[in-house]
Amino acid sequence: MGLVCSTAQLACLCGSTACSFCCSQCPSCRNSTSTRIMYALLLLLGTIAACITLAPGLQNALKKVPFCANSSNYVPSEVTLDCQSAVGYLAVYRICFILALYFFLMSIIMIRVKSSRDPRAPIQNGFWAIKYLLIIGGIIGAFFIPERSFGSTWMYFGMLGGFLFIIIQLILIVDFAHSWADAWVGNYEETESKGWYAALLSATFFNYAVAVGAVTALFIYYTHADSCDENKFFISFNLILCVITSIISILPTVQEHQPRSGLLQSSVVTLYVVYLTWSGISNSPVRECNPGFIPGLSSHDVATQNRVAFDKESIIGLIIWFSCVLYSSLRTASKSSKITMSENVLVQDNGADYTTVEGRNPDAESGNDAKVWDNEEEKVAYNWSFFHLMFALATLYVMMTLTNWYKPNSTLDTLNANNASMWVKIISSWMCLGLYVWSLLAPVIFPNRDFS
């Protein structure tokens, strides 16, 4: 529904909101929802563009372009361009640089916006054609930035921003686990249907079964009897932590304060922690303990860089990333206050329902109400500034994921093995468990605070 309205909003091009003419045939939705989906679509298109620059064979295809310096066609040297910089890790850095810069600027512009009556609201909710043209122009211009220290400097911003987004992503994962369990347990309590009870048991059993199978596979493929002690420690330690957190979730004290807390949430968190463990040890620089180990390469070996950028860990990571971005764009009720002690991470429902406002909809006289309405005239449905900040960090996370957390213009000893990347993911797994345990214990520690 929201995607259809967002498409109509894009069709309105330069309007400040989704016009009734474009949306007259659309399902009704809130303007705040369609706007968030539009920004998620913008981020997705930017990610696709970055992935295209890493597409295998693109470097050879550029040799057929007459104006490329390494083209097989004859063109005078004074009009040729170095198309090598248009592919590979550095190209991803340039594209994500413009996207992150755009979201950072939007975050600054939208500070302290309280309602759509603010003069800055049209910038947030409209002018889509201008926004897209500015970003496209900025990306083109970014390829003219001298290489020099651009890549190495921007990498540090990417590492910091990527790690901060991992924290947000962990909160979203834990929030999703709580929301899923609350919904299904609530349905079971209201209907007392055996179907919902069976669904709860099946989902919990499936998640734990996959997690146990994955842990077994990790021991088989990433450890050896007389070596790989580091990998053994990570796998075993995280498995023990997952068992402990599962036990905590069903303790009587926790159940007293959170009756719907249970093993379904724990199974989701356990499955995600196992994924992070696998992703971490798959970046182990120890050759014999990493079956996917790939030796180093020249800094100009773009073809090998591109091939490795699409490894299975990165693909799964991007799927989880976009799921979190889309979830945060559509979410209208948050449980994240259990984790953050605030309500800024996810969108909050401001309770605004559609009411026909005289003069707003030119079709109202004929009995046709607007399909997209402004539900933020009294209060914004989400923190606009924080929303853009989160998307800026999400862009940096994509940049680091696609480039395997590497400096784009240096000679690499190993291509997919990196201590920094390994530790970022392993520490993330511990943080995920810590956040989940905190979400369970916070109502116990602070009984007078409302976490509902």
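What follows is a conversation about how side chains are classified in this predicted model.

Student: Why is the pair of F97 and F150 called edge-to-face?

Tutor: The ring planes of F97 and F150 stand 90 degrees apart, and since an angle over 60 degrees counts as edge-to-face, the pair receives that name. The centres are 5.6 Å apart, which is within the 6.5 Å limit for pairing. This pair links distant parts of the chain, because F97 belongs to helix α5 (residues 89-109) and F150 to helix α8 (residues 150-191), 53 residues apart.

Student: What makes F150 buried or exposed?

Tutor: F150 has a relative accessible area of 12%, and because buried means under 20%, F150 is classed as buried.

Student: Why is the pair of Y188 and Y197 called tilted?

Tutor: The planes of Y188 and Y197 are 35 degrees apart; stacked rings lie under 30 degrees and edge-to-face rings over 60, so this pair falls into the remaining class, tilted. The centres of Y188 and Y197 lie 5.4 Å apart, which again satisfies the 6.5 Å limit.

Student: How do you know that Y188 and Y197 are partly exposed?

Tutor: Y188 has a relative accessibility of 30% and Y197 one of 43%, and because partly exposed lies between 20% and 50%, both residues belong there.

Student: What makes the contact between D118 and R120 a salt bridge?

Tutor: The nitrogen-to-oxygen distance between the side chains of D118 and R120 is 3.0 Å, which is within the 4 Å limit, so the contact qualifies. The structure holds one salt bridge. D118 is buried, with a relative accessible area of 17%, whereas R120, with 25%, is partly exposed.

Student: How do you know that the charged end of K131 sits over the ring of W128?

Tutor: The charged end of K131 is 4.0 Å from the centre of the W128 ring, and the limit for that distance is 6 Å, with a further requirement of lying within 35 degrees of the ring normal. The distance therefore fits the limit, while the angle itself is not quoted here. W128 also belongs to an aromatic cluster with Y39, Y102, F103, F387 and F391.

Student: Which residues touch the most other members of the largest nonpolar core?

Tutor: Within that core of 90 residues, they are Y39, F165, W321 and F391. Helix α16 (residues 384-402) supplies the largest share of the core, 13 residues. Leaving aside residues up to four places away in sequence, W321 touches L43, T47, F165, Q169, A394, Y397 and V398.

Terms used
Residues numbered from 1 in each chain as written. Predicted model: local features only at pLDDT ≥ 70, side-chain atom pairs only at ≥ 80, totals over all residues. Heavy atoms only, no water. Phe/Tyr/Trp six-rings, centres within 6.5 Å; stacked < 30°, edge-to-face > 60°. Helix = DSSP H or I, 4+ residues; strand = E, 2+ residues; numbered from the N terminus. Buried < 20%, exposed > 50% of the residue type's maximum accessible area, 1.4 Å probe, protein only. Core = buried A, V, L, I, M, F, W, Y, C linked by side-chain atoms within 4.5 Å. Contact = heavy atoms within 4.5 Å.
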